[in-house]
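Q: Could we go through this model together, one feature after another, with the general idea stated before each case?
A: Let us do that, beginning with the open spaces in the protein.

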Amino acid sequence: MGKLKKRIRPRDITINIGKDAPIPECPIRGERWKEIRHDNTVTWLAFWNDPINPKEFKYVFLAASSTLKGQSDKEKYEKARLLKDYIHGIRTAYTKDFASKDPMKKQIAVATYLIDKLALRAGNEKDDDEADTVGCCTLKVENVEPVPPNILKFDFLGKDSIRYQNEVEVESGVFKAIQQFRSGKEGSEDLFDKLDTSKLNAHLKELMPGLTAKVFRTYNASITLDDMLSRKTNGGDVLEKVVVYQQANKEVAIICNHQRTVSKTHSAQMSRLNEKIEELKGVLEELKTDLSRAKKGKPPLKNADGKPKRNLNPEALERKIAQTNAKIEKMERDKETKEDLKTVALGTSKINYLDPRITVAWCKRHEVPIEKIFNKSLLAKFAWSMDVDPSFRF
DNA sequence: TTCTACACTTAGCACACCTCGT
DNA sequence: ACGAGGTGTGCTAAGTGTAGAA
């Protein structure tokens, strides 16, 4: 925000410890903690107020590898799994309400549809001093353009000002409702004027215990992974299976719109790959010439620098050609994947949206070492999921 | 019913560190 | 041994959601 942030001192920090626990000694001589609390209803160990925005709190929490965080992570996924039992009824109900005469009911139905189908975030209200980003409930008229007969064109800035651009075919009930919500409004006005996240979540709670908007994101991400893994895993070696996993992971990242900026070195790296591929193609042509000569019993042509080459028999040349071809194909594939993933961030969904038990069980079933999928910190974070039964499905 | 304080999860980026081909 | 490129970790901002005050 263009402001200097003041250093945090012990006198800014409130500590939360057990009633009988010794108070940690203040490490800075002559200073003391702001306050000592004994609150076992919260998980934070310490907090202070942000010196730039004093009504904002900064917390020290336990690490992701702690059992406390692990437990709450597991509960998150169990709640998302529970949604499976309700989703059919929920979809039927909101589809009916696309044509509701009650305007709030109608808006809730359409908003829930978008959150379910497109994995949009809830969209809380924001203060004027915050970035101008939106989620589902805060979508503006200008963010959703209906294109007859039934296409919706989305274009808005979401969390972290990441642009969401998508064109989707929707049911005619949704299409008509969106047209109606837009009519007579300026582009900058709220699309859902009868709605906010509290009302939406209050409604969702009536449909399933503990249901909120964000549960749909977790549910959609995890069910997509589970589904794709079971459909696309068809034997092959470990490497091929890992590729299947990465493709499923990518699918989820795209649904959740997890992006990253293209690395500074990306285009240079692509050029280098292209050069290498061209070089290999040259080598290949030469090998082919040598082969046809060898078949006629002629020696290979001299190198460009004039030095003679080893005289190989046709079988050896055939093998070399096959090797070179394989190399070229691999590089072409790598190039494609790299270009394909240059703006897609795979990590975020792995860390936050994909039930690790899906991954662990799949690895067990298909004899893929879990370390091929989870790095050290993910293994620690997901320790609670490692003993899952191989037959586990989300 | 609305507002606000609080508590917690989710997010991308920078850069140190590691790995692997040459 | 070197360096390009990939990976992992730290950082902390930016979200979501709840409870209780107004």
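Q: How much space lies in the second largest pocket?
A: Rolling a probe the size of a water molecule over the atoms shows where empty space is left. On a 1 Å grid over the protein atoms alone, a pocket is an open set of points where a 1.4 Å probe fits, with protein on both sides within 12 Å along at least five of seven lines, and lining residues have an atom within 4 Å of a point. Grid points are joined across faces, edges and corners, and a volume is the space filled by probe spheres set on the points. By that reckoning the second largest pocket holds about 630 Å³.

Q: How should the model itself and its numbering be read?
A: The model is predicted, with local features needing pLDDT of at least 70 and side-chain atom pairs counting only at pLDDT 80 or more, while totals for chains, interfaces and linings use all residues. Residues are numbered from 1 along each chain as its sequence is written, chains are lettered from A and ligands numbered from 1 in the order in which they are written, and side-chain values use heavy atoms, with hydrogens and water left out.

Q: Which residues line the second largest pocket?
A: Its lining has 16 residues, of which Val243, Gln246, Arg333, Asp334 and Thr337 lie nearest the centre. The elements that give two or more residues to this lining are α6 (238–255) and α8 (314–341); helices (H or I, at least four residues) and strands (E, at least two) are DSSP runs numbered from the N terminus. By class the lining of the second largest pocket has five nonpolar, three polar and eight charged residues, where Ala, Val, Leu, Ile, Met, Phe, Trp, Tyr, Cys and Pro count as nonpolar, Asp, Glu, Lys and Arg as charged, and the others, Gly among them, as polar.

Q: What volume does the largest pocket have, and which element gives the most to its lining?
A: The largest pocket has a volume of about 900 Å³, and 34 residues line it, with Arg121, Ala122, Lys159, Arg217 and Tyr353 nearest its centre. Two or more lining residues come from each of α5 (213–232) and α9 (347–352), and α5 gives the most, with four. This lining divides into 13 nonpolar, 14 polar and seven charged residues.

Q: Which residues are closest to DNA strand B?
A: A residue is near a strand if one of its heavy atoms lies within 4 Å of it. For DNA strand B there are 23 such residues, the closest being Phe57, Lys69, Lys159, Thr261 and Tyr353, and sugar and phosphate account for 87% of the strand's atoms that come within 4 Å of the protein. Lys159 and Tyr353 are also among the residues nearest the centre of the largest pocket. The largest share of the surface near DNA strand B, three residues, comes from α1.

Q: Where do polar contacts reach the phosphates of DNA strand B?
A: A polar contact is a pair of N or O atoms within 3.5 Å. A polar side-chain atom of Arg121 lies 2.7 Å from a phosphate oxygen of DNA strand B, one of Thr348 also lies 2.7 Å from a phosphate oxygen of that strand, and for an N or O atom in the side chain of Ser72 the distance is 2.8 Å.

Q: Which residues are closest to DNA strand C, and what classes make up the surface near it?
A: DNA strand C is surrounded by 23 residues, of which Lys58, Lys126, Lys205, Arg272 and Ser377 are the closest, and this surface divides into two nonpolar, nine polar and twelve charged residues. Backbone N or O atoms lie 2.8 Å from a phosphate oxygen of the strand at Gly123 and 3.2 Å from one at Ala213, whereas Gln269 places a side-chain N or O atom 3.0 Å from a phosphate oxygen.

Q: Where is the cis peptide bond, and which residue has a positive phi although it is not a glycine?
A: Most residues other than glycine have a negative phi, and most peptide bonds are trans. Here a cis peptide bond joins Pro148 and Pro149, with omega about 5 degrees, and Pro149 is in the loop between β5 (144–147) and β6 (151–157). Ala119 has a positive phi of about 55 degrees, and its place is in the loop between α2 (103–118) and β5.

Methods. Polar contact = N/O pair within 3.5 Å; in protein donor to acceptor, adjacent residues only side chain to side chain.
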